[in-house]
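Here are some short exercises to work through with the structure open beside you. Try each task before reading its solution.

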Amino acid sequence: MHITHGVRQHCEEYKAYWILNLIWSYQPQCAKDRMLREIQFWRLTVRPDKTATIRCDRDTGNTAITQEIEFTDHPAGDFRFWVENAVVMLPEER
């Protein structure tokens with residue numbers, strides 16, 4: 001897999017390369033799903049209490065993968081990453 005400049009900048013700024021490791025770890029599972037082979041919509045939701053949820057949605061909007069994260073030092077908020085043709089990008093980079 002490859003990453004765009006925006007994803008690299010995000011990971012460097014927030015010390016969050018773990019997000020890429022997590023996304024990459026699910027790629028064997030995604031490869032078995034026809035829709036996820038083409039495009040994946042990942043959303044990281046970090047709550048103020050430092051817990052988080054990351055999920056992967058299909059193009060149809062239904063969730064294929066959800067993982068709870070017990071603790072992260074990532075800032076609170078909603079962050080989106082797309083995977084298309086083995087490239088992890090920010091939505092605005094498409």
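**Exercise 1. How many aromatic pairs does a search of the whole structure find? Then describe the pair formed by Phe41 and Trp82.**

Solution. Keep in mind that this is a predicted model.

- Step 1: the search of the whole structure gives 3 aromatic pairs.
- Step 2: in the pair of Phe41 and Trp82, the ring centres are 5.0 Å apart and the planes meet at 90°. Planes over 60 degrees apart count as edge-to-face, and this pair is edge-to-face.
- Step 3: now place the two residues. Phe41 belongs to strand S2 (residues 39-46) and Trp82 to strand S5 (residues 77-84), so with their positions 41 residues apart, the pair links distant parts of the chain.**Exercise 2. In what order do the 6 strands lie in the sheet, and which strands stand at the edges?**

Solution.

- Step 1: the order is S1-S6-S5-S2-S3-S4, in an open sheet with mixed pairing.
- Step 2: look at the two ends of that order. Strand S1 (2-3) and strand S4 (63-69) each have a single partner strand, so one side of each lacks a neighbour in the sheet.

**Exercise 3. Follow the antiparallel pairings of S5 with S2 and with S6, and of S3 with S4.**

Solution.

- Step 1: S2 and S5 are antiparallel and share 8 bridges. Across this pairing, Trp42 stands opposite Phe81, and Leu44 is opposite Phe79.
- Step 2: S5 also pairs with S6, in the antiparallel sense, over 3 bridges. Here Trp82 faces Met89 as its opposite residue in S6. The two strands make a hairpin with 2 residues between them, and Asn85 in the turn has a positive phi of about 50°.
- Step 3: S3 and S4 run antiparallel and are joined by 6 bridges, with Asp57 opposite Thr63 in S4. Their hairpin has 5 residues between the strands, and Gly61 in the turn shows a positive phi of about 95°.

**Exercise 4. Which residues of the largest nonpolar core touch the most other members, and which element gives the largest share?**

Solution.

- Step 1: the core has 23 residues, and those touching the most other members are Val7, Ile19, Trp42, Leu44, Ile54 and Phe81.
- Step 2: two or more residues come from each of helix H1 (5-14), H2, S2, S3, S4 and S5. The largest share, 4 residues, is that of H2.
- Step 3: see where H2 sits. Helix H2 (residues 17-25) lies across S1, S2, strand S3 (52-57), S4, S5 and strand S6 (87-89), at about 135° to S2.
- Step 4: zoom in on Leu44. Beyond its neighbours within four places in sequence, Leu44 contacts several residues, including Trp18, Ile19, Ile54, Ile69 and Phe79.

**Exercise 5. How many disulfides are counted, and why do Cys11 and Cys56 not form one?**

Solution.

- Step 1: a disulfide needs sulfur atoms within 2.5 Å.
- Step 2: for Cys11, the closest cysteine sulfur is in Cys56, 16 Å away, which is too far for a bond.
- Step 3: for Cys56, the closest cysteine sulfur is in Cys30, at 4.6 Å, also too far for a bond.
- Step 4: the count is 0 disulfides.
- Step 5: finally, check burial. Cys11 counts as buried because its relative accessibility is 0%, and Cys56 is buried as well, with a relative accessible area of 0%.

Key:
Residues numbered from 1 in each chain as written. Predicted model: local features only at pLDDT ≥ 70, side-chain atom pairs only at ≥ 80, totals over all residues. Heavy atoms only, no water. Phe/Tyr/Trp six-rings, centres within 6.5 Å; stacked < 30°, edge-to-face > 60°. Pairing = 2+ DSSP bridges. Contact = heavy atoms within 4.5 Å. Axes fitted to C-alpha atoms, helices over the stretch in contact; angles between N-to-C directions. Core = buried A, V, L, I, M, F, W, Y, C linked by side-chain atoms within 4.5 Å. Buried < 20%, exposed > 50% of the residue type's maximum accessible area, 1.4 Å probe, protein only.
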